[in-house]
Amino acid sequence: MKSLRMTLLALLSAMVVGGVIIVLSDIDSLRDGDFATAFGAVFSAYRALFVGSFGSLRAISSTINSTVPLMLCGVSVSIAFKAGLFNIGATGQMLAGGMAALWVGFSMNGPGIIQVPLAILAGAVGGALFGAIAGVLKARTGAHEVITTIMLNNMAAFMVLWLLKTNLFQRSDRTDPISKLVDPAGRLPRLFGFLNGREDLLAHSGFVVALLAVGVFWWFLHRTTMGFEFRVLGLNSDAAQYAGMRTKRLTVLAMLFAGAFAGMAGASEVTGTYGYASQNFAGNIGFDAIAIALLGRSSPLGTAFAAVLFGALQAGGRQMQANTDVPISLIVVLRALIVMFIAAPLLVKAIWRVKADTGAQSQTFRGWGS
Amino acid sequence: MSDIKSAGIGQSAEQRKRSRNVGVVYVVLGLVSATIFTNRPGNSGFKLLDDFIFVIPARPFAWALAITLVALGAAQLLRGMGKVTNVVLTVATISFVVGFLTWAASGGSFSLTGMLQDTVTRSVPITMGAIAGIICERSGIINIAIEGQLLGSAFAGSVVGSVLGPWPGVAAAMLMGVALSGILAVFAIRYRVDQVIVGFAINFLALGLTSFLASRVLTKNPQYNLVKPFSPYRVPLLSEIPVIGVVLFTQTLFVYVSLAAVAVTTWALFRTRWGLRTRAIGEYPKAAGTLGVDVIKLRYRNLLIAGAAAGFGGAWWPIGTVGRFDQNITSGRGFIALAAVIFGRWHPVGALSAALVFAFAEALQLKLSNLNTGIPSEFLLMAPYLVTLVVVAGFVGRSRAPRAAGQIYEAQ
Amino acid sequence: MKLELRGITKRFPGVIANDNVTLTVRTGEVLGLVGENGAGKSTLMNVLYGLYKADEGTIVLDDVPVQFASPADAICAGIGMVHQHFMLVPVFTVAENVVLGIEPTGMLGILDIEKARSMVTEISNRYNLGLDPDAIVESLPVGVQQRIEIVKVLIRDAKIVVFDEPTAVLTPSEIIEFFSIVRTLIDSDKGVVFITHKLKEALSVADRIAVLRRGSVVGEVVSAEATESQIAEMMVGRAVQLTVSKKRSDYGATVLSVSGLTVLDPDGRTLVQDVSFDVRASEIVGIAGVHGNGQTELVEALTGLRSTSSGKVYLEGVDITKASPRKRHSLGVAHIPEDRQRQGLVGGLSIVENLVLTRYHDTPFSKRIQMNWGVAHQVAADLVAQYDIRTQSAADLANTLSGGNQQKVIVARELSRDLRLAICSQPTRGVDVGSIEYIHEQIVKERDSGTAVLIVSTELDEVMSLSDRLLVMYRGRIVADVDPKTTSAMDVGLYMAGSTPGNVGVGV
């Protein structure tokens, strides 16, 4: 429970700093010496944050939808970390998977029960293949995955932009890069569909996919032989070789699996949240996923909780921006602060005069050479 | 670029592989030239000076290029080129690019000088970011936060520059770079946090804070976001040289400083005591520590110097070009800078060449949308990333980074 | 100059590394500091050198108390240290490594390379060390690298030189050269502290010997009056059996047959040259040799971790030359690796997980893709008890174990199966004396049960007492095949240095 206390304290520290930023940035009020408004802004902002994330069914629905891609991409980054690989390419893999799912979505018109899983599968395959590129490059040439995945991210973004202007993908009545609509049967069913009259609850069953993904991740890591191999490889690649594990194959597979999860995130966004693809449907989720994996120490449960936290912040942030003067980019700041405070228990200890378990900080980055 | 020696005795397997890859690249480029570039008839005009247009007939040039490249490829694969390998590589690459431009511009004309000038100026933030990255990594600290530093400094430069003028703006930008470096330093060195985590956190922090402040403060107070950028300064005498004079010597202060920074950093790293100690703490900090070098203090100092360099790079947006700050104005250049560090194998000159490649592609893409090439602009924009990918995979590979980069130094 | 450590106490979380240690060192004499691994010798020297700060106690120099806040202070005071693991930057030249920290500079801090080179050459000539200032360190052999460390120390005007396990990587003849360098230092009125766990060497070169055990000084003797077993007993606290007792054995059929094995590195250099030998069941074959003569690569080739360029390896008649490590494992080959931290264990995983590291893919530990951790835990608990691995629980992480216990985990894992061939590389490196005894017993037991055993070790004593037959490797070749019972250590040492007995003075 000590680590839970540290997490909560880190959260609290981040919010305090965030509050300070809100106050200090209200230049107009401060100029007029109107401290009441400035401080008031903090309270109304945080209130909106809480209400917007968990305060109503609508809010919970919104949180669920924000959480889904974060959880799936979080698993993507985490599973790669476990094998000792730094997957910065979740964005590109999400785009690849999303486009694959999109294609299935608008070019087929079978019953939903076939279309939906097929689209998700297509997303997984698309993302997996894209992720495997970086894996193969690493295994065969030693090119570090940090650089290759960053390059691939950019390349994927341009590919998507181009594809969305081609006849195959572009919506026929539009000139901007926006895709055809996914067949209504191919949309991920809404979770709250059984509640009549609540069409505003947009949460979709991508959430089920995400939860299943976390479960599969846990089972894979702790109950399968390959999961054991991933863990050994990630901690000590020399020992993995000594133990007879085929490290090159594992590297490719790790990126393949990572890509698959991120691809499913893309599929879920396209067939669940939007119903089509625009240029930026992957947004910043790939980078957020890195923070999530780091926060959750790449463990399945930790990743899931971190994803829910970030999803809540995202949903709450939208409400905050709508209701108050505080823009949603504060959420980005809060996230950064949370990551920093969680990663530096010594700092939190110093601030709150609490005994911290400094423990052995295991390293995520092992240098460019391996 | 990479260090390629001739094939033969005394060469390591790594070098032979790279040498072979270069040969393959030549042949591939030659084939591209033969199949694609020869498709267009007509002449291409390259506008070099106001009154001088250099005309190249597209098809013959493409054929000549193709044949030369394939011959070079054969020579490289069979014998290697010894000392002149790098020179040949540079000349071949430039020729290929000229061939591409000739093909693209056939039947029309094309302001080459303007594009080159644009290239050089666009390389500034990437170069400065890469220098920051090199100094950090050579000292043993991974700096993933270059993007955040560029972004934060751009913001600071714009705001302070609007209120107090461009020179204080530059100073503010550099201070912001130093401050962000300071955060990285404290967390990574004192609190022993994983350097990559802190780096990403700083990036998020910078992105969030600058976007936040931009929408909350700057939109309502646009007077805080209006800077007068530097105008280009014509170096006396040197700027009269045809072509080069415009490209290299009619630029803003930013260009001159960034080129000087590359030279100074190279000299400092390999010729001074500071450089020896810096490289030592990046390779084997314990060795330096046991000899009395204060590893921690030197790392702090170097991080702050790197921060100033990145800060200067960030100031290029508001004070070197556009005169304002927009949300996420850096859009990934910091990561490009990181790629340039690796592409350039942790050497400032190598990083500069990488920066120029990227900048060239950016400049090219703008110009080419005017010409009719049939290639979607997205693919052209993709080109530098693909090139980096190929270079890193085929020529850098497992190449040696500073050995201690990223590891926590345990002093007592 | 007289250097005293008075009442030095240094604590780390959970352990007292140095407990009220008092020692005196004078210029003109050699003090030997012996103790087993973990006794606190290196910690003490690190305190002396300013790398650690003592919790209690003082350092007194010529009757004046001094404080060393960092190695720079210690160096200024005239203390030089040659570490066990060399502190050399591999990509720098000899000169750059030597002058690091005291670089000769011109204006603006520009390095004066010429001056640096002449500084190195001057000391190198004066003490007859033969160094080339422009050589890149990583290309130099280990014996030469040590001399660079000595130059580093001398160039800083050290009056007292501390050597931490200096002979670990030297051939017997290099060791003799090293001792003569030590004598030269004494004659130049320097003081020497010689940290070692090799009692014979301490006795031969030191004037006085201080013995550390569990952080305290348990005694000081004059080496002229002491014996090896006396010191060993002080080191361990009980009578220690310094030789392994084993009975004669009846050899079985040939298990391992190596013929014409050659291994090249990617750059074409020869690492192992045309090696041929056999190992029979119930036989222990030892390979002696100084580290770096191809033994590591030979073991890697035999275990499938490195590819060969020619030659064959047969296991009971089956050609395994190109077989994967896993295939060899399934055929009954066990490998105790020479670097347990790097290869043999995963520190961040639990002891249970480490105990199945090389067996997880077999039944009963897994079935198809599923792991059976229940069985793993059971087997692990048995092994921990059986091999006396000191730990709170088998679920603890492997990096909480001491070096000796970590090695026992590896031994337990590898030797508890049914084996045809056991390859043990440096099986007792960095292990405390008690565990050394235990591991040696296990190896002999393995042999007695019919397994063929191949031991590779740079500890001459170990490999001579354990082996039934002894091979010596030098520069990638097998240069001798002798009976350790009838051959003297001196002769084996000569083989290790590339000479042949009777041909002394020729070779190398």
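Trainee: What is said of pLDDT over residues 356-361 of chain A, and how many contacts beyond four places in sequence does the model have there?

Mentor: This is a predicted model, and pLDDT stays under 50 over residues 356-361 of chain A. Because pLDDT is the predictor's confidence on a scale from 0 to 100, a value under 50 for these residues lies in the lower half of that scale. The model nevertheless has 11 contacts beyond four places in sequence for the stretch.

Trainee: Where in chain A is confidence lowest, and where is it highest?

Mentor: Helix H15(A) has the lowest confidence, with a mean of 70, whereas helix H8 (residues 206-223) of chain A has the highest, at 95. Chain A as a whole averages a pLDDT of 86, and 94% of its residues score at least 70.

Trainee: What makes chain A and chain B count as being in contact, and how many residues does each supply?

Mentor: Two residues are in contact if their C-beta atoms lie within 7 Å. The contact takes 40 residues from chain A and 47 residues from chain B. Among the elements of chain A that each supply at least two residues to this side are helix H6 (112-141), helix H7 (145-163) and helix H15 (345-352). By class, the side of chain A that touches chain B has 26 nonpolar, 11 polar and three charged residues.

Trainee: What is known of the packing of H6(A) against helix H11 (residues 247-274) of chain A?

Mentor: The two helices pack at an angle of about 145°, and their axes are 5 Å apart. The crossing of H6(A) and H11(A) is right-handed. The residues of this contact divide into 21 nonpolar, 10 polar and two charged.

Trainee: Turning to chain C, what is the order of the strands in the open sheet?

Mentor: The six strands have the order S6-S7-S8-S3-S9-S10 (chain C), with mixed pairing.

Trainee: Why are strand S6 (79-82) and strand S10 (216-222) of chain C called edge strands?

Mentor: Each of these two strands pairs on one side only. From one strand to the next, the twist averages 20°.

Trainee: What makes strand S9 (residues 208-213) of chain C and S10(C) a pair?

Mentor: Two strands pair if there are at least two bridges between them. Six bridges join S9(C) to S10(C), so the requirement of at least two is met. These strands run antiparallel, and one of the partnerships is that of C:Ile209 with C:Val221 in S10(C).

Trainee: Which strands does helix H8 (residues 228-236) of chain C lie across?

Mentor: Helix H8 of chain C lies across strand S3 (30-34), S9 and S10 of chain C, and runs at about 30° to S9(C).

Trainee: How many residues of domain 1 of chain C are in contact with domain 2 of chain C?

Mentor: Domain 1 spans 2-236 and domain 2 spans 254-346 + 405-496. The C-alpha centres of these domains of chain C lie 32 Å apart, while 11 residues of domain 1 of chain C are in contact with nine residues of domain 2 of chain C. The side of domain 1 of chain C in this contact has seven nonpolar, three polar and one charged residues.

Trainee: Which helix of chain C gives the most to the side that touches chain B?

Mentor: In that contact, 24 residues of chain C meet 20 residues of chain B. Helix H2 (residues 71-77) of chain C gives the most to the side of chain C, with three residues.

Technical notes:
Residues are numbered from 1 along each chain as its sequence is written. Chains are lettered from A and ligands numbered from 1 in the order in which they are written. This is a predicted model: local features need pLDDT of at least 70, side-chain atom pairs count only at pLDDT 80 or more; totals for chains, interfaces and linings use all residues. Helices (H or I, at least four residues) and strands (E, at least two) are DSSP runs, numbered from the N terminus. Ala, Val, Leu, Ile, Met, Phe, Trp, Tyr, Cys and Pro count as nonpolar, Asp, Glu, Lys and Arg as charged, and the others, Gly among them, as polar. Axes are lines fitted to C-alpha atoms, for helices over the stretch in contact, and angles run from 0 to 180 degrees between N-to-C directions. A crossing is left-handed if the near helix is turned anticlockwise from the far one by less than a right angle, and right-handed if clockwise. Domain bounds come from an automatic or database domain assignment.
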